Amino acid sequence: MSSDTRDKFMEEAKRDNHNAKINCLVRESDHLFDIMEHLTYLKTNWSIFTQKRFNNIRDLSTLISLLINLGIMQALTYEVSDSTTVKDEGEVFGFMDYQTFVNALGIIQIATSSLMILFWTALNGPIILK
């Protein structure tokens, strides 16, 4: 069982008394077994889909979003003079054209987001549909 599933169960389990603990475990046991069977199936047949890889892709996607935003903030300047706004698109971090930077990281962002959706669907889709 994944650590996320275990943590979620531990947070949601009622621990008022011994009977409440046992009843909660019995009530959730079918769902927990479904999760374990699905993760075993993925591990034996589709070893590429793991929660750790999903987390790594999610972190990479977040980092790319941060880089896009930092690049936009660093490259774009606005000058206001005599009620006229001028937008200047400079180089990002002094080595790449602004538009090329945003386009390249945007394509990578779309790819990592698509991989996140694919991994999430493989890891959680069959469990949700049961």
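Reader: Why is Ser61 called buried?

Author: Ser61 has a relative accessible area of 5%, and buried means under 20%, with exposed over 50% and partly exposed in between (1.4 Å probe, protein chains only). So 5% puts Ser61 in the buried class. Bear in mind that this is a predicted model, where local features need pLDDT of at least 70, side-chain atom pairs count only at pLDDT 80 or more, and totals for chains, interfaces and linings use all residues. Residues are numbered from 1 along each chain as its sequence is written, and side-chain values use heavy atoms, leaving out hydrogens and water.

Reader: What makes the residues around Ser61 count as touching it?

Author: Contact means heavy atoms within 4.5 Å. Not counting residues up to four places away in sequence, Ser61 touches Gln109, Thr112, Ser113 and Met116. Ser61 itself sits in helix H3.

Reader: What makes H3 a helix, and how does its span fit what is expected?

Author: Helices (H or I, at least four residues) and strands (E, at least two) are DSSP runs, numbered from the N terminus. H3 has 25 residues, so it clears the four-residue minimum. The expected span is 1.5 Å times one less than the number of residues; H3 reaches 36 Å from first C-alpha to last, close to the 36 Å expected.

Reader: Which residues of H3 are buried?

Author: Phe54, Ile57, Ser61, Ile64, Ile68, Gly71 and Ala75. As a rule, an α-helix has 3.6 residues a turn, so residues three or four places apart point the same way.

Reader: Is Arg58, also in H3, buried or exposed?

Author: Neither: Arg58 is partly exposed, because its relative accessible area of 34% falls in the middle band. Arg58 and Ser113 are 55 residues apart in sequence, but 7.8 Å apart in space, C-alpha to C-alpha.

Reader: What makes the link from Gln109 to Ser65 a polar contact?

Author: A polar contact is a pair of N or O atoms within 3.5 Å; within protein, one must be able to donate a hydrogen and the other to accept it, and residues adjacent in sequence count only if both atoms are side-chain atoms. The side chains of Gln109 and Ser65 meet at 3.3 Å, so the pair passes the distance test. Gln109 lies in helix H4 (residues 98–129) and is buried, at 16%. Its touching residues, leaving aside those up to four places away in sequence, are Ser61, Ile64, Ser65 and Ile68.

Reader: Which residues form the largest nonpolar core, and what makes it one?

Author: A nonpolar core is a set of buried Ala, Val, Leu, Ile, Met, Phe, Trp, Tyr and Cys residues joined through side-chain atoms within 4.5 Å. The largest has seven: Leu42, Phe49, Phe54, Ile57, Phe119, Ala122 and Leu123. H3 and H4 are the elements giving two or more residues to this core, and H4 supplies the largest share, three residues. Phe54 touches Met116, Phe119, Trp120 and Leu123, again not counting residues up to four places away in sequence.

Reader: Why does His38 count as buried?

Author: His38, in helix H2 (residues 18–45), has 11% relative accessibility, so it falls in the buried class. The C-alpha atoms of His38 and Leu123, 85 residues apart along the chain, are separated by 8.1 Å.

Reader: Which elements have the lowest and highest mean pLDDT?

Author: pLDDT is the predictor's confidence in each residue, from 0 to 100. Strand S2 (residues 84–89) has the lowest mean, 60, and H3 (residues 51–75) the highest, 86. For the protein, the mean is 75, and 66% of residues reach 70 or more.
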